[in-house]
Amino acid sequence: MGDRIKLRVILGSTRQGRLGDKLAKWIHDLAKERGDLDVELLDLRDYPLPFLGEEARSASEPADKLIAAWATKVSEADGFIIATAEYNHGYPAVLKNALDSIKNEWSNKPVAFVSWGGVSGGARAVEQLRQVVVELQMVPIRNAVHIPFVWNLMDDDGSLKPEALNVHQEGAKNLLDQLVWWAKILKTARV
Ligand SMILES: Cc1cc2nc3c(=O)[nH]c(=O)nc-3n(C[C@H](O)[C@H](O)[C@H](O)COP(=O)(O)O)c2cc1C
């Protein structure tokens with residue numbers, strides 16, 4: 001287990017009523033099914049970071065403690081999948097804040113993107129994110145999964161329709177292959 005590539009799936013949408021949790025879980029589960037990875041889902045709801053430079057919202061959880069917990073999680077990872085919604089042709093503010101709140105922990109690690117939205121499937125958000133992660137010295141990989149008209153994938157009770165993501169399955173597998181290839185190379189190079 002110790003030698004396995006540590007892949008972390010970061011869920012970047014935290015709003016009430018979000019749909020993205022189902023999609024992040026889908027890619028998380030696919031990665032886990034491979035059997036060769038140590039995979040964990042990091043839901044930004046569980047890391048309520050203060051906005052950069054601000055005081056934490058609760059005195060019981062000081063800003064430095066929250067940021068340190070986030071830094072530890074990112075630091076231990078060998079690669080990431082950022083799972084993101086598209087809001088007004090961009091990506092969620094909480095996600096930018098999570099990226100900005102730490103720095104060196106991201107360096108020299110690969111990142112792939114799974115996105116969702118309307119007609120563009122979140123592709124516009126991902127194109128912006130690619131520029132941002134380069135500044136953090138990450139390696140954004142080419143293959144991505146963009147899921148359009150995400151609301152059509154849900155049943156009336158809010159659950160993901162069976163088979164809804166079948167069309168993206170092959171793309172997701174290719175994404176994982178490419179991400180793991182880079183993760184292995186960069187892990188060796190970081191030592
Ligand atoms: C503030 C806001 C802005 C949005 N802007 C876009 C947009 O620019 N392009 C798009 O494709 N979808 C847009 N949408 C629709 C989202 O893609 C859709 O609500 C999706 O479910 C959001 O992901 P989430 O449910 O995980 O938050 C927007 C939704 C919100 C809440």
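Ala-85 has Trp-116 as its bridge partner in strand E4. Keep in mind as you look around that this is a predicted model. The pairing of Ala-85 and Trp-116 is a handy way into the sheet, and from there we can visit one residue of E4 and then the ligand.

**The sheet**
- Strand E3, which covers residues 79-85, pairs with E4 in the parallel sense, and six bridges link the two.
- Five strands make up an open sheet, and following the order E2-E1-E3-E4-E5 takes you across it, with parallel pairing.
- At the edges you will find strand E2 (37-43) and strand E5 (139-147), each of which pairs on one side only.
- On average, neighbouring strands of this sheet are turned by 20° against each other, direction ignored.
- As a general reminder, strands of a sheet pair through backbone hydrogen bonds, either parallel or antiparallel.

**A closer look at Val-114**
- Val-114 sits in strand E4, which runs over residues 110-116.
- Val-114 counts as buried because it has 29 C-beta neighbours inside 10 Å, where 20 or more are needed.
- Leaving aside residues up to four places away in sequence, Val-114 touches Leu-23, Ile-27, Ile-81, Ala-83 and Val-145.
- One of these contacts, Ile-27, lies 87 residues from Val-114 along the chain, yet their C-alpha atoms are separated by 8.0 Å.

**Around the ligand**
- There are 15 residues around the ligand, and those that come nearest are Ser-13, Gly-20, Ala-85, Gly-117 and Gly-118.
- Ala-85 thus appears here too, as well as being the bridge partner of Trp-116.
- By type, the shell around the ligand divides into five nonpolar, seven polar and three charged residues.

Technical notes:
Residues numbered from 1 in each chain as written. Predicted model: local features only at pLDDT ≥ 70, side-chain atom pairs only at ≥ 80, totals over all residues. Helix = DSSP H or I, 4+ residues; strand = E, 2+ residues; numbered from the N terminus. Buried ≥ 20, exposed ≤ 12 C-beta atoms within 10 Å, placed from the backbone. Contact = placed C-beta atoms within 7 Å. Near = placed C-beta within 6 Å. Nonpolar A, V, L, I, M, F, W, Y, C, P; charged D, E, K, R; others polar. Pairing = 2+ DSSP bridges. Axes fitted to C-alpha atoms, helices over the stretch in contact; angles between N-to-C directions.
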